[in-house]
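User: I am new to this structure and would like a close look at one part of it. Please take the sheet and what packs around it.

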Amino acid sequence: MTTGPSPSHPHRSGPPIGVLGSYGGFNIGDEAILTCVLECFRVQRPDARLVVFSRDEAHTRAHQPEADEVVAWEGVSRNNVLDVLSGLDLLVLGGGGVLYDGEARRYLRLVRAAQDRDVPTFAYAVGAGPLGDGEDRELVRTVLADMDEVVVRDEESRLVLEEVGLEREVAVTADPALLLRPEPFTKAMLQDEGLPADSRLVGMSVREPGRAAEKLDEADYHALLADVADFLVQRLDAHVVFLPMERQDVGHAHAVLSHMTAPDKGRLLNGTYSPGQVLGFMHHLDMAVGMRLHFVIFAALTGVPVLPLPYSGKVFDFARRLGAPALVGVAREQAGLLLAEVDRLWDEHPQRRKDLRIRIEELSAVARETCVRCGSLLDEIG
């Protein structure tokens, strides 16, 4: 794998715009965000030269056709990355959750390097928190203070930045992935996955505790979600499909399956799909229950009745804005409450469908505001 820039559209000679985030195929949600950010710039500046700083250069080059240049920034010579930064008209950080303990410093050091070279910087609907580490907090407080504009994707992130001590205006919009467009997921693709086309399907999303939910007990929530899956199998006469939004999710999905009393009615989506195809798959679902933020976003975009399981503030915040029911926490002692909520969600969805559609339209409009704000900054830069 090469480590230098990889031009694919050398004829585009407009302003070079860099996009930095957790990109490179590690997480479907992050890839959805990158797709939407690049499409935003392609609309705002059709001739712009879009430069993506990726953690897996080959993956980004293969899966993001709007990227004109892909630059590896991990495990490579820092001089090459700095040379590319120096030539940018704008460096965009995000979107997505990049400002949290242990990771914020990695991104913000590059942002600071761009600022030191007089490159304008823009935080594109980023997520923040948890932020308890002293070095990360200091970099967030100082680097974001010098950015040309800071936009976060939810109120939770704004409050985190305020608590860290950032003293500047912070705009709140919505997750860029709300603008993702679906791609076809055909009946033939369902058959390839071993899924019946004539049965109800319930999507589920599980994940590792991670830094955002370190106190989450794995065995506890695996057993809880198995209870939910078994309930849905019986209540709806459905098959349950687990959607891994990143690689680590696979093991946790298998763990839930192992706790089910009806594991024969459970399936794991095994193929490798683009974010648009995963969104297209959601159209086949009758209900969704999940932990991953972008799983919940995708379900809501397709109008599927969805029950978020808020393991962290970002999921709770989105559930609130969606008007969706959401239990605080994911613990076994909540099994009765959770099953009752699932039952009520199924019964009440026909009445709630219109409200869900209106809220999604409003949130999508708010998500577009980030793109407009960034376009205005580009106008100022000239």
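Analyst: Here is a walk through the sheet, one of its strands, a helix beside it and some ring contacts.

The model is predicted.

Start with the sheet as a whole. It is open and has seven strands, in the order β3-β2-β1-β4-β5-β6-β7. The pairing is parallel. Strands β3 (69–72) and β7 (171–172) stand at the edges. Each has a single partner strand, so one side of each lacks a neighbour in the sheet. In general, strands of a sheet pair through backbone hydrogen bonds, either parallel or antiparallel.

Now take the β3 edge. Its partner there is β2, residues 49–54, and the two run parallel over four bridges. One bridge can be named: V52 is partnered by V70 in β3.

Move along to β4 and β5. These strands are parallel and joined by seven bridges. Here G97 has G127 of β5 as its bridge partner.

Strand β5 deserves a longer look. It spans residues 121–128, and eight of its eight residues are buried. Two of its positions can be checked by number. The cut-off for buried is under 20% relative accessible area. F122 has 0% relative accessibility, so it counts as buried. Y124 has 2%, so it counts as buried too.

These two residues also meet through their rings. Five aromatic pairs are counted in the model. F122 and Y124 form an edge-to-face pair, with 5.9 Å from centre to centre and 65 degrees between the planes. F41 joins them: ring pairs link F41, F122 and Y124 into a cluster.

Next comes helix α5, residues 134–143. Its buried residues are D136, R137, L139, V140 and V143. They lie on the same side of α5, because they cover an arc of only 165 degrees around the axis. What do the buried residues of α5 pack against? They pack against strand β4 (90–99) and against two helices, α4 (104–116) and α6 (155–164). So β4 has a part in two places: it bridges to β5, and it is packed against by buried residues of α5.

The N-terminal end of α5 has a cap. D133 provides it, with a side-chain oxygen 2.9 Å from the backbone nitrogen of E135.

Two charges over rings complete the tour. The charged end of R106 sits over the ring of Y107, 5.9 Å from its centre. R55 lies over the face of F26, at 5.2 Å from the ring centre.

Terms used. Residues numbered from 1 in each chain as written. Predicted model: local features only at pLDDT ≥ 70, side-chain atom pairs only at ≥ 80, totals over all residues. Heavy atoms only, no water. Buried < 20%, exposed > 50% of the residue type's maximum accessible area, 1.4 Å probe, protein only. Arc of directions from axis to C-beta. Contact = heavy atoms within 4.5 Å. Polar contact = N/O pair within 3.5 Å; in protein donor to acceptor, adjacent residues only side chain to side chain. Phe/Tyr/Trp six-rings, centres within 6.5 Å; stacked < 30°, edge-to-face > 60°. Lys NZ or Arg CZ within 6 Å of the ring centre and 35° of its normal. Pairing = 2+ DSSP bridges.
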